[in-house]
Amino acid sequence: MIDRADDKRRDERLDVAWRGTLTLESGDQYDCQVQDVALAGTLVHCIAPVKVGDEAILMIDGLGEFAGEVRWVGTGAFGMGLVIGPDIKLKRYAETAGADLSQKPELPDEN
């Protein structure tokens, strides 16, 4: 179980339900689901045997690959800090859903 009672997040999280694949440094791949996203990280539900500090690639269906590092591990889920650059802002794909649960990532309107 994940305890978020003392959560000290600096950025609002947006709820999503995106499918993906997690690739570990060993090359092993695991199906996963991304549950929420923020500017610097995401919550991933996955059975991968990860530990804090592990680096991995998160491939999100319809978006592409995002490099990251495991920041915390819970039962069946973990937090992944993302390598952020000007082109890699995962959160912007969830913002288009507004208050609704994003089930499929969509590129935001740049206008």
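In the predicted model, strands β2 and β3 pair in the antiparallel sense over 5 bridges. The connection between β2 and β3 is a hairpin that runs through 3 residues. Within this pairing, D36 stands opposite L43 of β3.

Strand β2 also pairs with β1, again in the antiparallel sense, over 8 bridges. One position in this pairing involves L22, whose bridge partner in β2 is Y30. The hairpin formed by β1 and β2 has 4 residues between the strands, and in its turn G27 adopts a positive phi of about 95°.

The largest nonpolar core comprises 21 residues, and those with the most contacts inside it are L22, C46, L58, F78 and M80. At least two residues of this core come from each of β1 (14–24), β2 (29–37), β3 (41–46), β4 (55–60), β5 (64–73) and β6 (77–82). The greatest contribution is that of β1, which gives 5 residues. L22 thus appears both among the residues with the most contacts inside the core and as the bridge partner of Y30.

The surroundings of L58 were examined with its neighbours within four places in sequence left aside. On that basis, L58 is in contact with T21, L22, C32, V34, T42, V44, G64, E65, F66 and M80. Two of these partners, L22 and M80, are, like L58, among the core residues with the most contacts inside the core.

An acidic residue outside the strands was also considered. D54 is located in the loop between β3 and β4. This residue counts as buried because its relative accessibility is 15%, the limit for burial being under 20%. The side chain of D54 reaches the backbone nitrogen of K51 at 2.9 Å. With neighbours within four places in sequence excluded, the contacts of D54 are with P49, G68, E69 and V70.

Confidence in the prediction varies along the protein chain. The mean pLDDT is 80, and 66% of the residues reach 70 or more. Over residues 1–7, pLDDT stays under 50. For this segment the model has 7 contacts beyond four places in sequence.

Methods. Residues numbered from 1 in each chain as written. Heavy atoms only, no water. Core = buried A, V, L, I, M, F, W, Y, C linked by side-chain atoms within 4.5 Å. Buried < 20%, exposed > 50% of the residue type's maximum accessible area, 1.4 Å probe, protein only. Contact = heavy atoms within 4.5 Å. Pairing = 2+ DSSP bridges. pLDDT = per-residue confidence, 0-100. Polar contact = N/O pair within 3.5 Å; in protein donor to acceptor, adjacent residues only side chain to side chain.
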